[in-house]
Amino acid sequence: MTAAEVASPSSGRGGAFASILSIGTLLLIGILAFSIRLFSVIKYESVIHEFDPYFNYRVTQYLSKAGIYEFWNWFDDRTWYPLGRVIGGTVYPGLTLTAGTMWWVANALNIPLSVETACVFTAPVFSAFAAWSTYALTKEVKGIGAGLTAAALIAMVPSYISRSVAGSYDNEGVAIFALVFTFYLYLKTLNTGSLFYATLNALAYFYMVCSWGGYTFIINLIPMHVLLCIVTGRYSSRLYIAYSPLVILGTLLAALVPVVGFNAVMTSEHFASFLVFVILQVVAIVYYTKRILTPKAFRVAVAVVLTVGTIVALTLIAVLIALVATSPTKGWSGRSLSLLDPTYASKYIPIIASVSEHQPPTWPSYFMDINILAFLVPAGVIACFLPLSDSSTFVVLYLVTAVYFSGVMVRLMLVFAPAACIMSGIALSEAFGTLTLSVKYQIELPDPPTGPVAPVDQTAAGATSETSASATAADLAKDKSVSEKGKETLRERPKRSRKKEKESAEKSVVKKAPKKKASKVLPFEASAVAIVLLLLLVSFYVIHCVWAAAEAYSAPSIVLTSHTADGMHVFDDFREAYAWLSHNTEENDKVASWWDYGYQTTAMANRTVIVDNNTWNNTHIATVGMAMSSPERQAWEIYQTLDVKYVFVIFGGLVGYPSDDINKFLWMVRIGGGVFPHIKEADYLRDGQYRIDAQATPTMLNSLMYKLSYYRFAEATMDGKGYDRVRRTEIGKKSFKLTHFEEVFTTHHWMVRIYKLKPPKNRFRGKNKRRTKPMITDRRNEDPPYLWLTTLYRSVEVKCYLAKVPFGDVDGRQLESFWRHKYRN
Amino acid sequence: MASSTRSQALLLLVVLLPALVAAFSEDNPTDQRVLVLLEDLALKSSHSIFFKSLSSRGYELDFKLADDTKLALQRYGEYLYDALILFAPSVEGHLGGNLDVAAILDFVDSGHDLILAADTHTSDLIRDIATECGVDFDEDTEAVVIDHINFAIEGESDHSLIIGDKLVESDVILGKGGVKDPVLFRGIGHSVNPASDLVVTVLSASPSAFSAPPNAVLKSPPALTGTSISLVSLVQARNNARILVSGSLDLFSDKFFKSSVQKFGSSSRSGSGNEKLAVELSKWTFHERGHLKAVNVNHHKVGEKDEPSMYRITDNLEYSLEIYEWTGKAWKPYQADDVQVQFYMMSPYVLKTLDHNGKGLFYTSFQVPDVYGVFQFKVEYRRLGYTSLTLSKQIPVRPFRHNEYERFIKAAYPYYGGAFSMMTGFFIFGIVFLYHK
């Protein structure tokens with residue numbers, strides 16, 4: 001649908017029909033962007049997903065309840081106990097304010113939305129906006145056709161969908177829109193030289209700063225582009241207007257956001273923009289004086305200024321370096337440093353390295369997340385050089401930096417996706433433009449075109465029908481046309497640079513179109529085949545995107561499903577556990593868990609947590625990590641000092657849920673050991689291997705995490721052996737008792753296990769051994785055949801307890817059938 | 001809220017109508033119903049003075065044989081008694097009605113009191129109960145405490161009737177003036193777990209004592225010797241249940257109460273201190289003394305009345321609470337100069353000693369530190385012989401709101417001046433640049 005629709009308006013030019021068609025297309029693209037993200041609501045339900053969104057949701061609730069001033073000054077005493085967290089000053093408020101405003105507007109119009117609904121649908125709505133602003137941005141670079149294609153591509157690019165499905169209520173949902181929109185306004189200002197757009201640009205930048213920490217990307221990329229323009233002799237007054245107001249206004253506005261504050265002028269991330277600002281002023285003065293002085297006087301002036309200027313600049317730089325060098329991280333935050341040096345985090349900050357989205361991506365993830373765009377991007381880059389304009393250099397620069405960043409952190413694939421879409425949009429639109437034009441030209445003028453192009457294309461196009469091959473064929477075809485076009489623009493360029501009037505790239509493309517006709521016509525058959533192949537390629541992209549949206553990226557991760565032969569199983573253990581906590585514990589009880597589950601616990605169970613996903617205090621997290629890796633008694637003491645009443649662990653061993661706490665445990669050890677050196681990672685590894693079977697180290701088997709995960713586990717498994725389905729091994733220590741913790745709740749599939757800390761002993765025992773021990777009759781030891789039955793009985797008892805079925809006088813046959821019913825698989 | 005108004009009302013009654021107070025059984029910590037388990041009903045007459053003193057103080061004593069099969073501590077989940085006196089040192093296995101160690105410990109853990117007496121032949125049951133409470137009787141079942149220097153000449157030739165005069169110095173435990181007269185003791189010794197802060201030795205043996213089987217030739221030095229032998233100990237569990245453990249059942253007997261004592265080597269005779277000791281210890285154990293309660297914990301900003309839900313850093317606040325002591329009949333204001341409050345977040349940020357007005361009101365005021373977080377007002381008051389008071393009240397402390405900072409800072413006036421002069425300068429420059437030829 002999209003490819004055909006998008007291609008048509010780019011070929012039709014001028015007239016009301018074309019503009020109506022493109023508006024209609026844009027609307028459809030918006031609807032597509034919105035609706036492709038609703039799979040999660042249709043397949044699951046309208047819930048908030050994952051971890052961070054729960055925090056954002058909770059903040060939005062507070063905002064809608066208490067108002068903006070209370071939100072600004074919100075001191076949250078239910079998290080990071082006992083330190084608390086100043087939410088108003090540590091949160092990027094953009095997303096919350098956006099959703100809160102949407103909710104408020106809807107209610108003011110008597111549309112009774114719940115806050116949750118507003119939150120769930122914020123990201124899909126903003127992905128439509130993002131598609132439209134991508135259109136606008138690409139239009140600034142290469143015209144309407146490229147714009148529409150790029151918009152259609154970004155509407156369904158899997159990488160972006162992964163962060164913006166309905167329910168994924170996270171900063172990125174609005175930030176990508178803000179990012180693209182800021183870039184669009186920058187290019188618009190650059191192309192028009194209008195101070196109005198420059199001001200809008202600063203405001204858009206402000207919105208971006210409000211929304212996401214990724215704003216530093218903007219404030220480094222734009223200066224880089226300005227510098228590039230200056231170096232390549234493309235300085236103009238438009239550039240000056242595009243950049244100077246942005247830095248001044250943008251920095252002032254950024255400093256208004258509480259979480260940024262003085263960082264906007266004090267951290268190294270922002271220095272580049274100021275340096276380029278100074279350079280731009282110098283360049284502007286140089287151009288100005290050059291205009292008003294005679295060449296000779298100018299040369300003298302340059303000599304004087306250069307000598308004085310270098311001395312001043314050198315001293316300034318020396319002072320700056322000395323200042324920066326005094327800070328241990330050289331003024332850079334950990335996350336930024338790990339961007340520049342990809343090995344930084346794994347060396348120094350386990351807490352950053354432990355998050356999977358901060359890891360470098362693998363090659364398949366590129367194919368998964370941007371699919372065919374990966375092949376189209378190079379063609380788009382080449383198209384951007386023909387002709388090279390200020391705006392096309394910008395998108396090329398954007399692409400190059402985004403490729404690098406996406407290679408460092410898988411999370412930044414998201415920043416790369418718009419660049420890839422823009423480039424691919426340009427490539428596709430250029431290719432379709434050339435091909436359809438030659439088809440049309442052939443129909444109009446049946447003369448055969450000039451020779452050498454045809455054989456290349458035909459062999460390439462006829463070679464294979466595979467998508468990747470057809471992509472290369474298209475590229476080849478384009479490369480050919482592109483090289484011709486290149487020559488043309490080279491000839492044209494001196495003329496163009498002399499002109500000083502504002503000239504948008506779009507106009508130049510349109511103007512050149514008739515001239516191209518004669519020189520770059522391809523044979524009819526080749527063009528037709530190439531069009532068909534390109535359409536095929538694009539339809540594969542659509543199929544992949546829909547599949548990714550429906551299958552890969554829609555799971556809310558708080559509800560899990562699995563498909564087996566006898567249908568779908570739903571694992572709703574997380575909400576079961578949170579509901580248990582909220583109904584069965586005191587309001588001010590403190591609940592400890594690994595930090596991943598902090599946001600969900602505060603939002604869903606409404607209980608105070610010790611640490612959460614906002615990892616601002618490493619020591620506090622390390623304390624919890626230390627408790628989890630300590631033996632029971634020490635752990636109990638640590639938790640006691642934190643007033644913890646309940647501890648829960650996520651355990652996947654019974655149903656095979658791989659991202660459970662045992663698999664995260666080494667990170668707890670590392671983070672704990674980073675602050676408390678008596679926790680040593682080597683103690684938990686046997687010959688460098690992480691294992692929980694009989695070969696595991698005693699430290700590992702005695703750690704609280706092991707005990708809380710595997711307490712009573714062996715009894716619950718079918719054969720009493722304790723086979724862990726995640727680690728695919730039998731556990732090392734099977735029967736043990738807990739002395740300082742008691743199990744209070746275990747969810748249906750054992751995925752969440754909640755324990756209560758026992759209170760301090762009422763009495764101190766003496767030292768004498770107890771003499772009259774009650775006789776323990778362990779039938780399992782004396783009568784092996786009985787083992788099976790006792791295990792069975794116990795498991796069924798546990799299951800009955802969990803399923804709330806009364807366990808009374810169940811006889812053997814009932815047991816058997818119950819057993820079979822429960823464990824068919 | 002409700003409980004504080006109720007206790008306020010109660011306070012009024014306590015202050016205004018002391019005569020009525022005895023009627024408040026729900027807030028009366030003294031035990032009422034006491035189950036006395038005897039090995040032999042003869043003990044009832046041989047220890048009659050002790051029991052009489054109890055019943056004359058208002059206790060309902062329910063005498064049962066220790067192996068009575070109909071024994072029950074609780075019925076329908078409710079305890080039938082407030083306290084238990086276990087004068088059955090040689091009952092083996094379990095008591096009647098299937099009362100075992102666990103049942104008795106549950107009784108204690110649910111806040112009830114226990115008096116436990118051992119004797120020269122003490123069963124494992126009694127030893128286990130004592131051990132669980134932190135008191136270890138000598139493991140040698142034949143051993144008794146022998147003292148060849150500090151013994152009473154009335155006793156047998158094995159010098160096992162010894163004289164104890166090393167008593168704990170505490171008016172709360174032993175009553176005003178303490179026990180002056182020597183105490184007769186015949187029985188086994190015990191040691192207390194030194195790690196435990198819940199056990200207090202009331203009566204310990206003299207340095208020359210040791211614990212060994214009488215008339216036996218010792219091949220190795222005895223396990224317990226000298227002052228480390230405790231003869232009578234008190235335990236106060238964390239839930240303030242009180243336990244009296246004595247190594248001697250005879251210590252409570254009429255015979256010891258009435259006999260006069262002549263210490264070996266001294267010519268003077270005096271009356272025994274046993275009666276006073278036993279009666280005072282029973283008073284302490286049954287919460288007639290040393291029982292504190294804290295009510296009306298209150299805190300607010302200086303100049304305000306109501307308790308805020310949150311403080312701001314550097315606020316000035318006032319904190320007060322009322323502490324009363326139970327006299328056995330009424331609550332009277334507690335007076336002490338060593339009650340302290342902590343303003344606590346992982347460690348105490350403020351530690352203040354509370355002033356008091358002599359009427360039970362303890363108060364202080366201080367400034368909230370310049371640190372935000374979730375703080376607690378903590379009072380942890382532990383004194384020898386008194387119930388331990390542990391109170392904590394959570395209160396968050398927030399940072400300044402956006403409009404609570406100073407609006408204009410003196411040090412910044414040059415910057416304000418700079419900003420405004422820049423603005424005017426630019427304005428004038430703009431006019432000149434645009435309209436001046």
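Contact is defined here as heavy atoms within 4.5 Å. The structure is a predicted model, in which local features need pLDDT of at least 70 and side-chain atom pairs count only at pLDDT 80 or more, whereas totals for chains, interfaces and linings use all residues. Residues are numbered from 1 along each chain as its sequence is written, chains are lettered from A and ligands numbered from 1 in the order in which they are written, and side-chain values use heavy atoms, with hydrogens and water left out.

In chain B, 71% of the contacts between residues at least 6 apart in sequence join residues at least 24 apart. The corresponding value for chain A, for contacts with a separation of 6 or more, is 73% at 24 or more positions apart. Helices (H or I, at least four residues) and strands (E, at least two) are DSSP runs, numbered from the N terminus. On this basis chain A contains 39 helices and 11 strands, while chain B contains 9 helices and 28 strands.

Burial was assigned from relative accessible area (buried under 20%, exposed over 50%, partly exposed in between, with a 1.4 Å probe and protein chains only). Buried residues form 52% of the 825 residues of chain A and 50% of the 437 residues of chain B. Accessible areas were obtained by the Shrake-Rupley method with a 1.4 Å probe; for residues, only the protein chains shown count as cover. Chain A has an accessible surface of about 37300 Å², with 64% belonging to carbon and sulfur atoms. For chain B the exposed area is about 21100 Å², and carbon and sulfur atoms supply 55% of it.

The overall dimensions of chain B were also computed. Its C-alpha trace spans about 130 × 55 × 45 Å along the principal axes. The radius of gyration, taken over C-alpha atoms, is compared with a globule rule of 2.2 Å times the number of residues to the power 0.38. Chain B has a value of 31 Å, against one near 22 Å for a compact globule of 437 residues.

Annotated spans were taken from UniProt; their positions are given in the numbering used here, feature names are shortened, and annotations may be inferred rather than shown by experiment. An unreviewed entry assigns "domain: STT3/PglB/AglB core" to residues 588-647 of chain A. That span is 50% helix and 15% strand, with its end C-alpha atoms 14 Å apart. In chain B, the unreviewed annotation "domain: OST48 middle" covers residues 299-437. This span is 17% helix and 43% strand, and its end C-alpha atoms lie 73 Å apart. Residues 413-435 of chain B carry the annotation "transmembrane region", likewise from an unreviewed UniProt entry. Over residues 413-435 the chain is 100% helix and 0% strand, with 33 Å between the end C-alpha atoms.

Two strand residues of chain B illustrate the local surroundings. B:Ser246 belongs to strand E16 (residues 242-246) and is buried, since its relative accessible area is 0%. Beyond its neighbours within four places in sequence, B:Ser246 has contacts that include B:Leu116, B:Ala118, B:Phe137, B:Phe185 and B:Phe252. The C-alpha atoms of B:Ser246 and B:Ala118 are 6.1 Å apart, although 128 residues separate the two along the chain. B:Val192, in strand E12 (residues 190-192), is partly exposed because its relative accessible area is 23%. Outside its neighbours within four places in sequence, B:Val192 contacts B:Gly134, B:Val135, B:Val199, B:Thr201, B:Ser230 and B:Ser233. Its C-alpha atom is separated by 48 Å from that of B:Val302, 110 residues away along the chain.
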